[in-house]
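Grab a pencil and work through these exercises with the model open beside you. Each one sets a task and then walks through a solution.

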Amino acid sequence: MGWVELTRSRRARDDLTMADDQATLARRFLELHAGERPLLMPNAWDAGSARLLASLGFEALATTSSGFAATLGRLDGSVTCDEAMEHSAAIVGATELPVSADLENGFADDPDDVAETVRRAIDAGLAGCSIEDYTGDAASPIYDAAPAAERIAAAAQAAHAGPVHLVLPARAENHIRGRDDLDDTIARLRSYGEAGADVLFAPGLARIEDIRRVVEEVGRPVNVLALQGVPAVGELAAAGVKRISVGGAFAFAALDAVVGAARQLREDGTYGYLERSRAGSRAARAAFGA
């Protein structure tokens, strides 16, 4: 075998190994949704935060579209598909944990284009990715029910067609977009589950009786977004919730710490932030030096 053929053979073997590793991570990720306690899944916003969170004992990570956009000096909804894929690959490369990406509405309206986004997610090394029914159009913010389910069906077919069973959460966005209609939320989530989604997610739900009803009626593992007023982890566990994520909350908590330190320096001329800085430095050394 010549040098070129040997190099190609090694690359092919490495690609197969990576695919096997990704498939294993994806299987493990799906299994984590079947535990007695909810999977606590923080959302990392860059490679450093991913490594830091992994060092603290979490079993899986997610990306955050709003947190990532903030690192670019933008608001949520302004990231492109190419940027999201590059960012996802960076998070995947920073940790050995399963990573699920927030891919917004799949960066497309057409089901075939959503499916292509999911295939790109697999190529990025992800173990999961979420697709939502928010259009991004203020005049018509939520896809109609039938095309919304078609989009999830196309995403699920792409997610599950190959050796990597990419875990697909489907998100019903009406509650977080100002449409408080629990019956519609449940109907949508059930249709998304029937379309092939592995996990169902209605960000914005906060009342335990609403969450419990969703869990009882949708027939798939349910994710809850930790927002102000959402019950504590133990109460969500008792209601049957299988996954809890934080969205951009950790990213914006970090930004708030920067604002507080900057104001202390600029307005007070003091350095009280240094104590927290030293603690953060110790955490970073522990996470990055392993």
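This is a predicted model, so treat everything below as a reading of a prediction.

**Exercise 1. Sort the residues that line the second largest pocket by class, then find where they come from.**

Step 1: Start with the classes. The lining has 13 nonpolar, 14 polar and 8 charged residues.

Step 2: Look toward the middle of the pocket. Of its 35 lining residues, S65, D76, D102, E132 and R171 lie nearest the centre.

Step 3: Trace the lining back to helices and strands. Two or more residues each come from β3 (61–63), α3 (65–71), β4 (99–102), β5 (128–132), β6 (169–171) and β9 (243–245). The largest share, 3 residues, belongs to β4.

Step 4: Add the volume. This pocket holds about 580 Å³ of space.

**Exercise 2. Now do the same for the largest pocket: what is its volume, and which elements line it?**

Step 1: The volume is about 680 Å³.

Step 2: Count the lining and find its middle. There are 19 lining residues, with L52, A254, A257, R276 and G280 nearest the centre.

Step 3: Name the elements. Those giving two or more residues are α2 (47–55), α10 (249–268) and α11 (274–288).

Step 4: Sort by class. You get 14 nonpolar, 4 polar and 1 charged residues in this lining.

**Exercise 3. Describe how helix α5 packs against helix α6.**

Step 1: Decide what to look for. Two packed helices are described by the angle between their axes and the distance between the axes.

Step 2: Read off both values. The axes of α5 (residues 111–123) and α6 (residues 145–160) come within 8 Å and cross at roughly 35°. The crossing of α5 and α6 is right-handed.

Step 3: List who touches whom. From α5, the residues P111, V114, A115, V118, R119 and I122 meet E150, R151, A154, A155, A158 and A159 of α6.

Step 4: Sort the contact of α5 with α6 by class. It has 9 nonpolar, no polar and 3 charged residues.

**Exercise 4. Helix α6 also meets α7, so which residues make that contact?**

Step 1: Begin with the geometry. The axes of α6 and α7 come within 8 Å and cross at roughly 35°, and the crossing of α6 and α7 is right-handed.

Step 2: Pick out the partners. On the α6 side they are A145, A148, A149 and I152, and on the α7 side R188, S191 and Y192.

Step 3: Divide the residues of the α6 and α7 contact by class. There are 5 nonpolar, 1 polar and 1 charged.

**Exercise 5. Find the cavities of 30 Å³ or more and say what lines them.**

Step 1: Recall the idea. Rolling a probe the size of a water molecule over the atoms shows where empty space is left.

Step 2: Count them. There are 2 cavities of 30 Å³ or more.

Step 3: Take the largest cavity. About 80 Å³ of space lies in it, and its lining has 13 residues, with S65, F68, A84, H87 and D102 nearest the centre. The elements giving two or more residues are α3, α4 (81–94) and β4, and α4 gives the most, with 3 residues.

Step 4: Take the second largest cavity. Its volume is about 40 Å³, and its lining is A202, L205, I211, V214, V222, N223 and V224. By class, that makes 6 nonpolar, 1 polar and no charged residues.

**Exercise 6. Is V214 buried or exposed, and what does V214 touch?**

Step 1: Locate the residue. V214 sits in helix α8 (residues 208–218).

Step 2: Apply the cut-off. Buried means under 20% relative accessible area. V214 has 2% relative accessibility, so V214 counts as buried.

Step 3: Check the contacts. Leaving aside neighbours within four places in sequence, V214 is in contact with L182, I186, L189, L205 and V222.

**Exercise 7. Which loop holds E104 and F107, and what is the sign of phi at each?**

Step 1: Place them. E104 is in the loop between β4 and α5, and F107 is in the loop between β4 and α5 too.

Step 2: Recall the usual sign. Most residues other than glycine have a negative phi.

Step 3: Read the angles. Phi is positive at E104, about 50°, and positive at F107, about 60°. Neither E104 nor F107 is a glycine.

Methods. Residues numbered from 1 in each chain as written. Predicted model: local features only at pLDDT ≥ 70, side-chain atom pairs only at ≥ 80, totals over all residues. Heavy atoms only, no water. Axes fitted to C-alpha atoms, helices over the stretch in contact; angles between N-to-C directions. Helix = DSSP H or I, 4+ residues; strand = E, 2+ residues; numbered from the N terminus. Left-handed = near helix turned anticlockwise from the far one by under 90°. Contact = heavy atoms within 4.5 Å. Nonpolar A, V, L, I, M, F, W, Y, C, P; charged D, E, K, R; others polar. 1 Å grid on protein atoms, 1.4 Å probe; cavity = no way out; pocket = protein on both sides within 12 Å on 5 of 7 lines; lining within 4 Å. Points joined across faces, edges and corners; volume = space filled by probe spheres on them. Buried < 20%, exposed > 50% of the residue type's maximum accessible area, 1.4 Å probe, protein only.
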